[in-house]
Amino acid sequence: MDREKNIELAKRSIIDSIWKEAHLEGIGVTYLDTKEIFEGRTVPGISVDDTVAINNLKHAWQFILDNLDAPTDLSFIRQVHYLVGSAIVSDPGNLRMGDVGIGGTTWKPDIPDFDDAKARIEELATRRPTTTRDALELFAYLCRSQLFFDGNKRTAQIVTNKVLIENGLGIFAVPTQDKSRFESELISFYESGEPSSLIHFLKETSVTCYEECKTETHPDPALEALKAKSVKEIADDEIAASKELSRSSRIRTHHPQER
């Protein structure tokens, strides 16, 4: 997909993306609530914390759209987390220094090591050419590593969108109807450390893209071979095929099939 088209798609879908991100975190807002908060209005019945959470996602989205050419490194991810978690999570923007538990499993992530996290993020974010799988593998890593005390999935979703958009690969948001399946896949990934099933599920359900970017990891071998041929080679092939067709026609004319 052309990058400008991808930016246009992201801006057009930003309220829907924020609503889905909030829903995934159990924030009780409707799409219309999200739209009202995004546009600067107060919604009766929505808590202050939930309102702040929606506005934080808005600011994080604005940040990535304004900084698509910035390197996707640990420093950038910490800035995204600061915006996502400001005023609602503990120590926003800083790596956690203590243990955390994960709902639905007894598995616990290690306390993050700064240098290890920096190297792993750099390895995932600098692959070229970047594919949808690369972006989703980064999402999986950021979720499982639990770099921060809270807000990890929100941060991971925003950062994944940054990588997808800058490379013209679409936008990422887990559909509300797939929340239970997502949580099941995520828990299985946490416990096994193997992301393939989660990534396959996310590619099939959660990446929205124009048609032209859906085949970026599956090139047609015949088409690639055709691209490699010179104009003269293509013309010679067409002449040879034409001569063969003409010869076959003469054979059929002089040797009719027996009845």
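What follows is a chat about the predicted model of one protein chain.

Q: Before we dig in, what kind of model is this, and how are residues numbered?
A: It's a predicted model, where local features need pLDDT of at least 70, side-chain atom pairs count only at pLDDT 80 or more, and totals for chains, interfaces and linings use all residues. Residues are numbered from 1 along each chain as its sequence is written, and side-chain values use heavy atoms, with hydrogens and water left out.

Q: Cool. How many helices and strands does the protein chain have?
A: Twelve helices and two strands. Both are DSSP runs numbered from the N terminus: H or I with at least four residues for helices, E with at least two for strands.

Q: And what order do they come in from the N terminus?
A: The elements run α-α-α-α-α-α-α-α-β-α-α-β-α-α.

Q: How much of the chain is buried?
A: Of the 259 residues, 44% are buried. Buried means under 20% relative accessible area, exposed means over 50%, and partly exposed is in between (1.4 Å probe, protein chains only).

Q: What share of the contacts comes from residues 24 or more positions apart?
A: They account for 68% of the contacts with a separation of 6 or more. A contact here means heavy atoms within 4.5 Å.

Q: Which residues have the most contacts inside the largest nonpolar core?
A: Trp-61, Leu-142, Leu-147, Phe-182 and Leu-202, in a core of 67 residues. A nonpolar core is a set of buried Ala, Val, Leu, Ile, Met, Phe, Trp, Tyr and Cys residues joined through side-chain atoms within 4.5 Å.

Q: Let's pick Phe-182. What does it touch?
A: Not counting residues up to four places away in sequence, Phe-182 touches Leu-24, Phe-139, Lys-153, Val-174, Leu-198, Phe-201 and Leu-202.

Q: Phe-182 is in the contact of helix 9 with helix 10, right, so how do those two pack?
A: Helix 9 (residues 179-192) and helix 10 (residues 196-205) have axes 8 Å apart, at an angle of about 155 degrees. That makes the pair roughly antiparallel. On the helix 9 side the contact uses Arg-181, Phe-182, Glu-185, Leu-186 and Phe-189, and on the helix 10 side Ser-197, Leu-198, Phe-201 and Leu-202. By class that's six nonpolar, one polar and two charged residues.

Q: Hang on, what are the rules behind those words?
A: Axes are lines fitted to C-alpha atoms, for helices over the stretch in contact, and angles run from 0 to 180 degrees between N-to-C directions. Under 35 degrees counts as roughly parallel, over 145 as roughly antiparallel, 65 to 115 as roughly perpendicular, and the rest as oblique. For classes, Ala, Val, Leu, Ile, Met, Phe, Trp, Tyr, Cys and Pro count as nonpolar, Asp, Glu, Lys and Arg as charged, and the others, Gly among them, as polar.

Q: Got it. How do helix 6 and helix 7 cross?
A: Helix 6 (residues 114-125) and helix 7 (residues 132-145) cross at roughly 160 degrees, and their axes come within 9 Å. They're therefore roughly antiparallel. Helix 6 brings Ala-117, Arg-120, Ile-121 and Leu-124 to the contact, while helix 7 brings Asp-134, Glu-137, Leu-138, Tyr-141 and Leu-142. That contact has six nonpolar, no polar and three charged residues.

Q: What about helix 3 and helix 4: at what angle do they cross?
A: Roughly 70 degrees, with the axes of helix 3 (residues 31-38) and helix 4 (residues 48-66) coming within 9 Å. So they're roughly perpendicular to each other. Thr-34, Ile-37 and Phe-38 of helix 3 meet Thr-51, Ile-54, Asn-55 and Lys-58 of helix 4. Those divide into three nonpolar, three polar and one charged.

Q: New topic: Lys-162. Buried or exposed?
A: Buried, because its relative accessibility is 0%. Lys-162 is in helix 8 (residues 152-166).

Q: What's around it?
A: Leaving aside neighbours within four places in sequence, Lys-162 contacts Ile-64, Asn-67, Leu-68, Ala-70, Pro-71, Thr-72 and Phe-76. Lys-162 and Leu-68 are 94 residues apart in sequence, and their C-alpha atoms are 6.4 Å apart.

Q: And where is Ala-140?
A: In helix 7. Ala-140 counts as buried, at 2% relative accessibility. Outside its neighbours up to four places away, Ala-140 touches Phe-189, Pro-195 and Leu-198.

Q: Last one: why is Leu-83 called partly exposed?
A: Because its relative accessibility is 23%. Leu-83 sits in helix 5 (residues 74-85), and beyond four places in sequence it contacts Asn-56, His-59, Ala-60 and Phe-63.
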